[in-house]
Amino acid sequence: TVDRQSPVTVSVFDVLGRRVALLGDNQVQEGIQTVRFDASSLASGVYLYRVETAERSTTGRLLLLK
């Protein structure tokens with residue numbers, strides 16, 4: 001959820017800290033947003049995602065199973 005109109009960047013990183021996907025880097029309106037992640041070129045494993053806005057940055061873990 002985005003609190004107000006803001007530039008938002010969504011990235012996915014491998015466990016070594018290399019960015020493997022840039023899912024979004026645009027201005028978005030406030031509210032709930034969705035991003036499509038095509039992970040077909042990635043191996044199964046643990047990845048980190050980071051959502052960055054003008055006010056804050058959130059990082060989480062995701063498990064990719066194929």
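**Aspartate 14 and its surroundings in a four-stranded chain**

Aspartate 14 is buried, at 11% relative accessibility, where buried means under 20% relative accessible area, exposed over 50%, and partly exposed in between (1.4 Å probe, protein chains only). The structure is a predicted model, in which local features need pLDDT of at least 70, side-chain atom pairs count only at pLDDT 80 or more, and totals for chains, interfaces and linings use all residues. Residues are numbered from 1 along each chain as its sequence is written, and side-chain values use heavy atoms, with hydrogens and water left out.

The chain has 0 helices and 4 strands, and its pattern along the sequence is β-β-β-β. Helices (H or I, at least four residues) and strands (E, at least two) are DSSP runs, numbered from the N terminus. Along the principal axes, the C-alpha atoms fill a box of roughly 35 × 20 × 15 Å. Of the 66 residues in the chain, 26% are buried. The accessible surface (Shrake-Rupley method, 1.4 Å probe; for residues, only the protein chains shown count as cover) comes to about 5000 Å², with 49% belonging to carbon and sulfur atoms. Contact is defined as heavy atoms within 4.5 Å. Among contacts between residues at least 6 apart in sequence, 44% join residues at least 24 apart.

Aspartate 14 is placed in the loop between E1 and E2. The structure holds 1 salt bridge, a term that denotes a side-chain nitrogen of Lys or Arg within 4 Å of a carboxyl oxygen of Asp or Glu. Aspartate 14 forms a salt bridge with arginine 18, with the closest N and O atoms 2.7 Å apart. Side chains of opposite charge can pair when their charged atoms come close. Arginine 18 counts as exposed, at 51% relative accessibility, whereas aspartate 14 is buried. A polar atom of the aspartate 14 side chain also lies 3.0 Å from the backbone nitrogen of leucine 16. Not counting residues up to four places away in sequence, aspartate 14 touches Val20 and Tyr47.

Tyr47 belongs to the largest nonpolar core, which has 6 residues and also includes Val12, Ala21, Ala39, Leu42 and Leu64. Such a core is a set of buried Ala, Val, Leu, Ile, Met, Phe, Trp, Tyr and Cys residues joined through side-chain atoms within 4.5 Å. With residues up to four places away in sequence left out, alanine 21 touches Val10, Ser11, Val12 and Phe37. Serine 11 lies in strand E1 (residues 6–13) and is buried at 2% relative accessibility. Under the same sequence exclusion, the residues touched by serine 11 are Arg19, Ala21, Leu22, Leu48, Tyr49 and Arg50.

At the surface, Val15, Leu16, Val46, Leu63 and Leu65 make a nonpolar patch of about 560 Å². Patches are made of residues with over 30% relative accessible area and no salt bridge; like charges are joined within 9 Å, and nonpolar side chains (Val, Leu, Ile, Met, Phe, Trp, Tyr) within 5 Å. Leucine 65, in the segment after strand E4 (57–64), is exposed, with a relative accessible area of 67%.

Aspartate 38 is situated in the loop between strand E2 (19–28) and strand E3 (45–52), and is exposed at 61% relative accessibility. The side chains of aspartate 38 and serine 40 are joined by a polar contact of 2.9 Å. A polar contact is a pair of N or O atoms within 3.5 Å; within protein, one must be able to donate a hydrogen and the other to accept it, and residues adjacent in sequence count only if both atoms are side-chain atoms. The C-alpha atoms of aspartate 38 and arginine 56 are separated by 25 Å, with the two residues 18 apart along the chain.
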